[in-house]
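Biologist: I'm new to this one. Could you walk me through how to read it?

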Amino acid sequence: MTKFIIVAGGVISGVGKGVATASLGKILKEHGYTTTLIKIDPYINGDAGTLRPTEHGEVWVTDDGGEIDQDLGTYERFMNEAIPKKNNITTGQIYKSVIDKERAGHYLGQTVQFVPHIIDEVKHRIIAASGDHEIAIIEIGGTVGDYENVPFLFALKRLEREIGANNMAYVLVTYLPIPDSIAEMKTKPTQQAIRLLGSEGILPDFILCRAKYPLDTERKKKIAEFAHIPLDHIISAPDIDTIYQIPLNFEAEGLGQKVLSHFGLTSRQQPNWDNWQKLVTAIKNPERKVTIAIIGKYLTSGDYSMTDSYLSISQALTHAGADQNCGITLKWIDAQTFETDPTKLAQLNEVDGVIIPGGFGASGVEGKMKAIEYVRKNNIPYLGLCYGMQLAAVEFARNACGAPEAHTTEVDKDTLHPVVDILPLQKELLDQKDYGGTMRLGSYSAVVQKNSKVAQLYKGATVIANGDVEVSERHRHRYEMNPAYVPMLEENGLIFSGYHVRQDGTKLMEFLELPDHAFFVATQAHPEFKSRFGNPNPLFAGFVKACMVE
Ligand code: GLN
């Protein structure tokens with residue numbers, strides 16, 4: 001039977017509950033237990049697809065096409081495995097399925113209520129997501145005491161009654177502030193979080209104490225006594241330079257073995273953290289450094305710079321850099337800068353490489369294309385992701401194929417040269433207002449031409465007929481390269497080195513590259529979603545290597 005570990009937050013959110021969950025998962029996996037991670041998001045949205053990235057960070061895409069909270073991304077990056085969309089549960093999903101069942105007459109005249117119907121649906125989804133794993137770790141979004149968390153805590157308490165308390169462990173992640181005025185670490189908010197959790201009938205078994213510094217024994221004792229748990233179940237989680245340090249810190253406190261002992265289990269294998277440690281050291285003290293510009297939008301929200309909307313890209317660069325013992329400095333550039341002042345393009349000479357990430361709509365598009373033209377002509381390494389590929393094709397059509405009117409129909413519906421367009425099938429769906437159905441979401445395989453730059457990057461990929469290779473990356477976009485323009489672009493020197501074949505035989509362009517360039521590769525996919533710590537994505541790895549060339 002699956003053992004469940006519940007991770008709940010106290011005091012404030014945003015202190016690394018997701019990373020703590022991912023770290024614990026990685027640790028238990030290393031101790032030899034099959035482990036999965038589940039995220040509960042108490043919001044009423046069905047998924048994260050419609051959330052504004054400036055508010056909520058990036059939308060994570062799973063292999064099976066889920067548009068999910070970015071914590072699932074953290075889990076995949078730590079666990080080095082794909083996590084399906086059923087591992088993200090939202091309040092919206094729960095109520096929708098209960099209401100749909102009620103409308104379909106499923107409840108046979110019963111009064112449909114919070115208890116037991118909503119609670120049963122929560123439990124049902126948790127059990128389905130845990131599958132046949134030995135351990136399932138469930139992270140509850142927000143903090144204990146939020147109104148919207150109540151159904152989930154209630155359902156977990158019910159699950160505990162059914163499977164027995166010895167099969168459940170509760171981990172509270174709290175924050176210990178150090179107010180400037182007194183310069184002393186305060187435990188009171190943690191005590192209150194313990195009480196709040198207690199009001200749901202739950203006592204924590206472990207408390208992870210986030211703070212600027214490690215906790216001293218006096219504070220650990222105070223919290224342990226307050227929570228009625230052993231002193232060594234209070235784990236210190238001080239601020240760190242890189243999130244990948246956290247599993248190492250937890251293991252230094254013996255967290256894996258302590259959690260296993262709570263379940264009456266012992267470690268099945270001695271974890272080997274050597275490679276993990278080596279990569280962490282490379283992040284902290286890299287042999288060398290490169291600077292990479294990310295030219296996007298969404299870069300400010302009020303007074304804050306919202307680099308979280310590109311979290312997976314910066315993580316993918318960190319993974320690729322750590323592997324090469326190379327530190328990555330990111331330079332965030334708002335694409336519109338180049339529209340108002342093209343002389344600013346000279347800034348790009350100062351960086352070692354440029355990324356244009358995914359994006360939607362017209363804002364900043366002309367600035368992005370100016371930057372692409374600049375890096376193309378000045379031999380500066382370029383990696384284009386999704387919109388970054390579409391705009392590379394439009395820029396090439398405009399400036400290298402004599403078609404200055406070229407555009408994507410996303411920005412100019414009536415363009416003379418729709419180099420990027422909606423496919424006919426999608427047009428039908430759009431006419432029916434089925435917007436969701438027009439998105440290409442999740443993993444798609446692509447055939448990559450042998451001897452192409454992209455094929456060289458994906459070394460180790462499955463070789464298929466005639467020596468081409470097959471690769472698979474995740475997608476989240478609506479527009480496609482217009483097949484009618486592929487010959488014109490290729491005649492002028494752009495190479496489409498990979499394509500996906502749809503069931504109806506249509507070829508969708510997946511990769512483009514320029515020969516005779518330091519590195520000019522772009523993809524319709526989002527390869528950042530398949531990059532993991534210790535297992536970087538091949539496109540990012542190749543790009544960072546190209547950036548390292550003096
Ligand atoms: N806006 C483009 C499209 O919908 C690209 C999307 C993206 O970059 N994720 O096709």
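Modeller: Let's go through the ligand site, then two helices and a proline. This is a predicted model, where local features need pLDDT of at least 70, side-chain atom pairs count only at pLDDT 80 or more, and totals for chains, interfaces and linings use all residues. Residues are numbered from 1 along each chain as its sequence is written, and side-chain values use heavy atoms, with hydrogens and water left out.

Biologist: Which residues are around the ligand?

Modeller: A residue is near a molecule if one of its heavy atoms lies within 4 Å of it. Here that gives Gly358, Gly359, Phe360, Cys386, Tyr387, Gln390, Glu410, Arg476, His477, Arg478, Tyr479 and His526. Two elements, α15 (387-400) and β20 (469-477), each supply at least two residues of this shell; helices (H or I, at least four residues) and strands (E, at least two) are DSSP runs, numbered from the N terminus.

Biologist: And which polar atoms of the protein does the ligand meet?

Modeller: Look for pairs of N or O atoms within 3.5 Å. A ligand nitrogen is 2.6 Å from an N or O atom in the side chain of glutamate 410. Ligand oxygen atoms pair with backbone too: one such distance is 3.0 Å, to a polar backbone atom of tyrosine 387, and another is 2.7 Å, to a polar backbone atom of tyrosine 479. Taken alone the ligand exposes 290 Å², and the protein buries 99% of that (Shrake-Rupley method, 1.4 Å probe).

Biologist: Now the helices. Which residues of α11 are buried?

Modeller: Buried means under 20% relative accessible area, and exposed over 50%, with partly exposed in between (1.4 Å probe, protein chains only). In α11 (residues 274-284), Trp276, Leu279, Val280 and Ala282 are buried. They sit on the same side of α11 because they cover an arc of only 155 degrees around the axis, taken from the directions from the helix axis to the C-beta atoms. The face turned away carries the exposed Asp274 and Lys278.

Biologist: What about α8: which residues are buried there?

Modeller: In α8 (residues 217-227) they are Arg219, Lys220, Ile223, Ala224 and Ala227. Their arc is only 135 degrees, which puts them on the same side of α8. On the other side, Glu218 and Glu225 are exposed. Their cover includes β7 (168-176), α7 (188-198), β8 (206-211) and β9 for the buried residues of α8.

Biologist: Is proline 238 buried or exposed?

Modeller: Proline 238, in strand β9 (residues 234-238), counts as buried because its relative accessibility is 17%. Its C-alpha is 5.0 Å from that of alanine 211, though the two are 27 residues apart in sequence.

Key: Polar contact = N/O pair within 3.5 Å; in protein donor to acceptor, adjacent residues only side chain to side chain. Contact = heavy atoms within 4.5 Å.
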